[in-house]
Amino acid sequence: MPEVDLAVALRSYLDHLAVERGLAANTLSSYRRDLDRYLAVLTQHSVGDVGEVTQHHVADFLVRMRSGDAEHPPLAASSAARAVIAVRGFHKFALREGLTAIDPARPVRPPRSPQRLPKAISVGEVAALIEAAGRGLRTDLALRDAALLEVLYATGARISEAVGLDLDAVDLESRTVLLLGKGGKQRLVPVGSCARAAVQAYLVRARPGMAEQSTESLTPGRITRQRRSSDRHPALFLNARGGRLSRQSAWTVLRAAAEGAGVKAEVSPHTLRHSFATHLLEGGADVRVVQELLGHASVATTQIYTKVSVEHLREVYATSHPRARAAKASQPV
């Protein structure tokens, strides 16, 4: 097989990612940075041809990414995994394009990141969060914010799913919400009485006025006003201008509520979703039921929450069981 210069092959692969795969600029920049470091490591091994690369070279690149050098700090497992994925993609491309007869990167697996348990807050903290969001319930925004957080906690919805809800996706009579998840998959999730009451109050007392808010649109030489009506805006949760509430604004609502409630734990867009799953399992729900409610494709994804519940059970046991405390307290004198 004729020799193929590594640098040329790498450029061809990056062009393929940009043109044919249409990768985002930031992702492409990360690939380019990782592959530049890969080329530098291979150059140190005096390897200049794609066909000369062996599994040993790829494995050595991974070791160097994890250990660092004089110019680069050690990479975390997630960052090193991204670099190895870039290298594996390159060699798969080279094999497919006939630039080499082997794929030396195939046996080298990206390092696994340590499994991070999702962070949930307590039932009391959830209640405080929602109460803080709904302070001043006479205002439209407070009614909306309380309803939003109630829906997030009642359904386990992602923030993107909650702000994407339309009016016809919520059936207060049957107490269900139709969520549109990843990959366009729909799931029907029940809602409890607290969330139902909060949504009802928002729909009756706040949303009609918010939907009628005027918005100014600039046109050459003049400003026109456009009236918005509720039937033209199907979104359940509206912003102050009558449009659909954005993910960023919903995140701001959550963060402000956490600050107002004095919740010390770190609160993220997924906090109420994590708390929803954790509290259900602690209450005795079957993991496969929680899987369906969360919209997870695999039960393995949901099972991470069972570990959180086991840790909770250990804490309760350690503080509650009389024989779980220090043995010296019960030892004879």
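## A tour from helix 4 to the hairpin

Begin by selecting R82, which counts as partly exposed because its relative accessibility is 30%, a value between the 20% and 50% cut-offs for that class. Keep in mind throughout that what you have open is a predicted model.

**The partner of R82.** With R82 still selected, add D34 and show both side chains: the two form a salt bridge in which the closest N and O atoms are 2.9 Å apart. D34 belongs to helix 2, residues 25-44, whereas R82 belongs to helix 4, so this pair ties together parts of the chain that are 48 residues apart in sequence. Is D34 buried or exposed? With a relative accessible area of 4%, D34 is buried, while R82, its partner, is partly exposed.

**Along helix 4 and into the loop after it.** Staying in helix 4, select S78, which counts as partly exposed at 44% relative accessibility. Now add P111, which is 33 residues away from S78 along the chain, and find the two C-alpha atoms separated by 7.4 Å. Next go to T100, which sits in the loop that runs between helix 4 (77-96) and helix 5 (123-133). T100 counts as buried, since its relative accessibility is 5%, and its side chain reaches the backbone nitrogen of I102 at a distance of 3.5 Å.

**Two salt bridges between loops.** Select K119 together with E266, which form a salt bridge with their closest N and O atoms 3.7 Å apart. This pair links distant parts of the chain, 147 residues apart, with K119 in the loop between helix 4 and helix 5 and E266 in the loop between helix 10 (247-261) and helix 11 (271-282). Both ends are exposed, E266 with a relative accessible area of 58% and K119 with one of 57%.

Then move to D166 and R244, another salt bridge, whose closest N and O atoms are 2.6 Å apart. Here too the pair links distant parts of the chain, 78 residues apart: D166 is in the loop between helix 7 (159-163) and strand 1, and R244 is in the loop between strand 5 (222-226) and helix 10. D166 counts as partly exposed at 24% relative accessibility, and R244 likewise counts as partly exposed, at 37%. Select R158, E161 and R187 next, for these three residues are joined into one network by salt bridges that share partners. The structure holds seven salt bridges.

**The three-stranded sheet.** Since R187 lies in strand 3, extend the selection to the sheet around that strand, an open sheet of three antiparallel strands in the order 1-2-3. Strand 1 (170-171) and strand 3 (186-190) stand at the edges with a single partner strand each, so one side of each has no neighbour in the sheet. Strand 2, residues 176-180, runs antiparallel to strand 3 and is joined to it by five bridges; to follow the pairing, select V177 with its bridge partner V189, and then L179, which stands opposite R187.

Which residues of strand 3 lie on its covered face? They are R187 and V189, while Q186, L188 and P190 make up the uncovered face. To complete this part, trace the hairpin that strand 2 and strand 3 form, with five residues between them, and stop in the turn at G183, which has a positive phi of about 70°.

**Helix 6.** Now select residues 140-155, the 16 residues of helix 6, which reaches 22 Å from its first C-alpha to its last, close to the 22 Å expected for it. This helix is mostly covered, with twelve of its 16 residues buried; among them are the run from A142 to L152, and T155. Charged side chains are included in that buried set, namely R144, D145 and E150. Just after helix 6, select G156, which takes a positive phi of about 70°.

**The whole chain.** Finally, clear the selection and look at the protein chain as a whole, whose secondary structure comes to 14 helices and five strands. Of its 333 residues, 40% are buried, and its accessible surface comes to about 19100 Å², with 53% of that belonging to carbon and sulfur atoms. Among contacts with a separation of 6 or more, 59% are between residues 24 or more positions apart.

Definitions and conventions:
Residues numbered from 1 in each chain as written. Predicted model: local features only at pLDDT ≥ 70, side-chain atom pairs only at ≥ 80, totals over all residues. Heavy atoms only, no water. Helix = DSSP H or I, 4+ residues; strand = E, 2+ residues; numbered from the N terminus. Expected span 1.5 Å × (residues − 1). Buried < 20%, exposed > 50% of the residue type's maximum accessible area, 1.4 Å probe, protein only. Polar contact = N/O pair within 3.5 Å; in protein donor to acceptor, adjacent residues only side chain to side chain. Pairing = 2+ DSSP bridges. Contact = heavy atoms within 4.5 Å. Areas by Shrake-Rupley, 256 points an atom, 1.4 Å probe, with all protein chains shown as cover. Salt bridge = Lys/Arg side-chain N within 4 Å of Asp/Glu carboxyl O.
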